[in-house]
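Visitor: Hi, I have a model open and would like some help reading it. Could we go through it piece by piece?

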Amino acid sequence: MSDVIAPFLAATIRTATPLALAALGEVIVERAGLINIGLEGAILAGAFGALVGATGAGVAGGFAGAMVGGVLIAILFAVFAIGLRADQIITGTALTLLSVGTTGTLYRALYGSSGAALALPTSAPFAIPGLSRLPLVGAALFAQPPITYVMYLLVPSIAWWMAGTHGGLSLRAIGEKPDAARAAGISVARVRVLAILAGGVLGGLAGGTLVLAQAGTFAEGMSSGRGFIAIAIVVLGRWQPLGVALAALVFGGASALQFAFQAMGWHAPYQLFLALPYLLTLAGLASAAGRGRAPASLGKS
Amino acid sequence: MSFLKSTLVALALIAALLVAMSVLLMTGGYPAHTALFALWSGSLGSWYALTSATLVRAVPLMLTGGAVAVAFRAGVFNIGAEGQLLVGAAAAATVALALPQGGIITSMLALTAGAVAGAAWAGIAALLRSRFGVLEVISTIMLNFIALHALSYLVRGPLQEPTHVYPQTSTIVQGVQLTRIPGAGRLHVGLFLALALLLACGWLFRHTAEGFRLLVAGESPSAAASAGQIDVARTTRRAFFLSGALAGCAGAVEVLGVTFALYEDISPGYGYTAIAVALLAGLDPWRIVLSATLFAALEAGEGAMQRDANVPATLVSVIEALLILAVIAVQAARWRSRSASMDASDAPVVPVVPG
């Protein structure tokens, strides 16, 4: 049985890592009262940034490039949503389209129109001494690429920051009652812009994870809806960092079921497995109905 | 807006487009002159290009553009026109292949099946929103992915052609295909259907009570319910169905008039381009005729650009996204100059998503 469970757990963490990173960023954005559908575009831009960075400067350069890519999309979102007060949903949709088109065009222009896969330096798994020797879960949880440990550390850090610091309090106040926050002397626009940029960094890192810790290459449109799934995970995790991490794990586990099914000799059309993440997202969102509450000013200004 | 003013706006837009294209091409190191000439000759430069390349692509863009406009007007953010199109194409192909003897009656049935399937697919998102409060932005995108994988299963499974070699259905018999317009190359009578439906949608918004209910439900759901005594939930549901039906119809028209068989790549993303089409037209069904033709010309010309000047075809999606952003920026600026004194939180660039 352990020959099924260990790969299942490893696949769970692998799927959950980029989703959790992106969703943690979106938690910060949404707690400031904004909804950024352009997260999908930020992940894709991050993936492309990782490609450019890694070809020039290895894995570290790749992650730096990924953050730059995510932040570029975030800056555009801030300009439109905060600067011009444009509709957030339409802006986010346009930015996702822009990211798909720009990364595709640049990829073909820089690396040839054939779109042949490039092999990149990848971020190797690092086994944490001791912990990775734990029975059953050790290797799955603690012999992962370093970015996974970054995600582990970000969950409590962001939770602590939001609950226990002045900055976190300002963020939550803005998300619930922007006018009251403004009256209390908080610069609403500034905090929101910073939240958007943080979301861009984490979305970019999610894209970098896909390229540098998983695929080892870039493919056009490789974010394949993960940004939207991450936004759903924010709802499932009730806008709390810990809840979001758990929701990402549940989601990763459910998606990883396909490997378990295949290992157990289950036969079903493979398209069903491919559609599974999206079906699960819908089922999860429907089941989350009425539980947890969105920030009061979400998507409104 | 007066005729002169709209003409000026259109000319300014096309000039801006050309400048943006040239700048993008030159920064990419491509021969701008060759590329733009290829764009022109591949899209509008000849009668053949206009009919068989541009207008053939304009038909599904008109229908999906109309689908997006109807939904957005009513405050429904249907990003799922792509999935509704695919489902509509699958339903139409199923009917067309099942009743090859029926001639034009089968064509009608297939079109209806496409519209019903598209409406039903959008209905899932409507149900998820009304019952469980699920944002349709997310649900319709998830449904796009699910539709794509379901289609992939159908053309490799139950609907695959008899020899089981190619991932597609058999060819739809000629008697069921949509008739081509004489002297207009590959252009088919689906164009008239699309124009009629857009005309009807424009009429709906301008002259009917139902259209007014849709608009009010989109602009201000609470005012619609309290002052207008409008059943907002029901009106919103109708917007989902109408939008899905239009997109499903686009799929049916495409399979009956252009591809004659169902396969995975039946849509090059018409449902996503439709968002740009609808926004550029200011969500007005009548103006969609023009914006759909503009985008169809861009998409028809991108193939020629790739062939003659080696310009990546994805450049056109960059242009599309920039156009949406430009429209948003202009609308935001116009709104600001008009009501600088009003409370900014009421800014309706387009209907704000409720809740």
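Guide: Let us begin with B:Thr179, which, once residues up to four places away in sequence are left out, touches B:His188 and B:Val189; two residues are in contact here if their C-beta atoms, placed from the backbone, lie within 7 Å.

Visitor: Before we go on, how should I read those names and this model?

Guide: Residues are numbered from 1 along each chain as its sequence is written, while chains are lettered from A and ligands numbered from 1 in the order in which they are written. This is a predicted model, in which local features need pLDDT of at least 70 and side-chain atom pairs count only at pLDDT 80 or more, whereas totals for chains, interfaces and linings use all residues.

Visitor: OK, where does B:Thr179 lie in chain B?

Guide: B:Thr179 is in the loop between helix 6 and helix 7 (190-207) of chain B. Helices (H or I, at least four residues) and strands (E, at least two) are DSSP runs, numbered from the N terminus.

Visitor: And is B:Thr179 buried or exposed?

Guide: B:Thr179 has 12 other C-beta atoms within 10 Å, so B:Thr179 is exposed. The rule is that a residue is buried if 20 or more other C-beta atoms lie within 10 Å of its own, exposed if 12 or fewer, and partly exposed in between, with C-beta atoms placed from the backbone.

Visitor: How far apart in space are B:Thr179 and B:Gly257?

Guide: Their C-alpha atoms are 7.4 Å apart, although 78 residues separate B:Thr179 and B:Gly257 in sequence.

Visitor: Zooming out, how many helices and strands does chain B have?

Guide: Chain B has 13 helices and 0 strands. Of the 355 residues in chain B, 55% are buried, and the C-alpha atoms fill a box of roughly 65 × 50 × 35 Å along the principal axes.

Visitor: What radius of gyration goes with that chain B?

Guide: The value for chain B is 21 Å, which agrees with the figure near 20 Å for a compact globule of 355 residues. The radius of gyration is taken over C-alpha atoms, and the globule rule is 2.2 Å times the number of residues to the power 0.38.

Visitor: What about chain A, how many helices and strands there?

Guide: Chain A comes to 11 helices and 2 strands, which follow the pattern α-α-α-β-α-β-α-α-α-α-α-α-α along the sequence. Of its 301 residues, 52% count as buried. Among contacts in chain A between residues at least 6 apart in sequence, 78% join residues at least 24 apart.

Visitor: How many residues does each chain put into the contact between chain A and chain B?

Guide: Chain B gives 42 residues and chain A gives 39. On the chain B side, helix 5 (104-132), helix 6 (136-156), helix 11 (270-280) and helix 13 (315-338) each supply at least two residues, and helix 6 of chain B has the largest share, with 11 residues. The chain B side that touches chain A divides into 31 nonpolar, 10 polar and 1 charged, where Ala, Val, Leu, Ile, Met, Phe, Trp, Tyr, Cys and Pro count as nonpolar, Asp, Glu, Lys and Arg as charged, and the others, Gly among them, as polar.

Visitor: Now A:Val100, which residues is it in contact with?

Guide: Leaving aside its neighbours within four places in sequence, A:Val100 is in contact with A:Leu44, A:Gly221 and B:Ser317. A:Val100 sits in helix 3 (residues 88-111) of chain A and counts as buried because 24 C-beta neighbours lie inside 10 Å.

Visitor: How many residues of that helix 3 are buried?

Guide: Helix 3 of chain A is mostly covered, with 20 of its 24 residues buried. The helix is followed by A:Gly112, whose phi is positive, near 90°.

Visitor: Last topic: where is the kink in helix 5 of chain A?

Guide: The kink, of about 25°, lies at A:Leu154, shortly before the proline A:Pro156; the bend at a residue is the angle between axes fitted to the seven residues ending there and the seven starting there. Among the residues of helix 5 of chain A, A:Ile147, A:Thr148, A:Met151 and A:Ile158 are buried.
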